[in-house]
Amino acid sequence: MQQRLDALGMSARQASLDAKLSSAFATNILNGKSKSPRSENLHKLATVLGTTVNWLVNAEGPETPPANVHARIDADLARAMEETAQRAGDLMPVLGEVAAGRWLEVEQHIDESRFEPAPITPDPRWRREAQYGLVVRGTSLNLYAADGDTLHCLDIRQSGRLPVNGDLVIVEKVRDSGQLRERTAKAYHEGENQFVELRAYSDDPRWDEPIHVPHRVFSYALEKGLSVEIVAIVLGAYRPMPKIARR
């Protein structure tokens with residue numbers, strides 16, 4: 001992609017805007033943040049850059065398409081957009097990331113427009129509105145999910161489903177009067193002393209220290225200026241197909 005941008009003297013941001021996509025769409029592909037962008041969006045970007053999707057993604061085939069294939073590409077794009085619109089209700093909204101040790105300011109924490117929906121089917125036992133995806137970053141959950149996987153989460157408040165012993169839960173730490181937040185996933189273990197231990201499901205020693213909260217208390221002040229809240233239960237995970245290295 002960078003080769004085409006350079007050839008056209010165009011920035012990644014401008015190419016994205018010309019394709020009627022979010023301003024960071026092409027940038028997220030270049031830096032690896034967007035692992036599986038939608039095919040119709042790739043078609044839009046490829047059209048703006050005057051190339052094919054196959055060349056844009058895999059650097060294979062002709063860099064620029066023959067003139068007689070544009071009509072077919074336009075027809076394929078229209079069909080892909082129609083199919084996506086028909087199955088929009090089956091896509092899971094992705095509302096951010098799970099990243100231990102990463103504190104975000106509130107403005108960053110709620111800026112979720114750059115995340116593509118995930119092909120996860122909502123669990124019919126719970127309201128769709130109570131279900132969402134979170135992208136895993138780092139190693140704090142590597143015994144369950146790898147960096148780049150998407151967790152299928154169920155909001156506790158909206159669903160009324162409470163965590164039980166052995167669940168994987170989404171935990172948010174809040175400090176500086178709510179201005180900074182850290183979102184992680186922890187294993188939920190009920191002890192015999194009316195406390196729950198929240199443990200990292202990881203073999204990375206950086207995340208070994210557990211969090212202890214009272215049983216059935218989902219928002220708890222750990223110390224002055226620092227609180228923790230259990231916000232969701234993890235129902236499953238989705239792993240996109242990894243890119244195969246070229247030989």
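The salt bridges come first: this predicted model holds 11 of them, counting a side-chain nitrogen of Lys or Arg within 4 Å of a carboxyl oxygen of Asp or Glu. Side chains of opposite charge can pair when their charged atoms come close. I shall take three of these pairs in turn, and then turn to the surface.

The pair I begin with is Glu-97 and Arg-137, whose side chains form a salt bridge at 3.0 Å, N to O. Where do the two partners lie? Glu-97 belongs to strand E1, residues 94-98, while Arg-137 sits in the loop between strand E3 (131-136) and strand E4 (150-155), so the contact ties together parts that are 40 residues apart in sequence. As for solvent, both Glu-97 and Arg-137 are buried.

My next pair is Arg-157 with Glu-229, where the salt bridge spans 2.8 Å, N to O. Distant parts of the chain are linked here: Arg-157 comes from helix H8, residues 156-159, and Glu-229 from strand E10, residues 226-238, with their positions 72 residues apart. Is each partner buried or exposed? Arg-157 counts as exposed, because its relative accessibility is 68% and the cut-off for exposed is over 50%. Glu-229, by contrast, has a relative accessible area of 19% and is therefore buried, the limit for that class being under 20%.

The third pair consists of Glu-172 and Arg-183, which meet in a salt bridge at 3.5 Å, N to O. Glu-172 is part of strand E5, residues 168-175, and Arg-183 is part of strand E6, residues 180-190, so this bridge ties together parts that are 11 residues apart in sequence. Glu-172 counts as buried because its relative accessibility is 10%. Arg-183 is likewise buried, at 10% relative accessibility.

I return briefly to the pair with which I began. Which residues are joined with one another through shared salt-bridge partners? Glu-97, Arg-137 and Asp-147 form one such network.

Finally, I come to the surface. Leu-143, Tyr-144 and Tyr-201 together make a nonpolar surface patch of about 280 Å². Of these residues, Leu-143 is located in the loop between E3 and E4, and Arg-137 is also placed in the loop between those strands. How accessible is Leu-143? Its relative accessibility is 47%, so Leu-143 counts as partly exposed. In that loop, then, we find Arg-137, which is buried, and Leu-143, which contributes to the nonpolar patch.

Key:
Residues are numbered from 1 along each chain as its sequence is written. This is a predicted model: local features need pLDDT of at least 70, side-chain atom pairs count only at pLDDT 80 or more; totals for chains, interfaces and linings use all residues. Side-chain values use heavy atoms; hydrogens and water are left out. Helices (H or I, at least four residues) and strands (E, at least two) are DSSP runs, numbered from the N terminus. Buried means under 20% relative accessible area, exposed over 50%, partly exposed in between (1.4 Å probe, protein chains only). Patches are made of residues with over 30% relative accessible area and no salt bridge: like charges are joined within 9 Å, nonpolar side chains (Val, Leu, Ile, Met, Phe, Trp, Tyr) within 5 Å. Accessible areas come from the Shrake-Rupley method with a 1.4 Å probe; for residues, only the protein chains shown count as cover.
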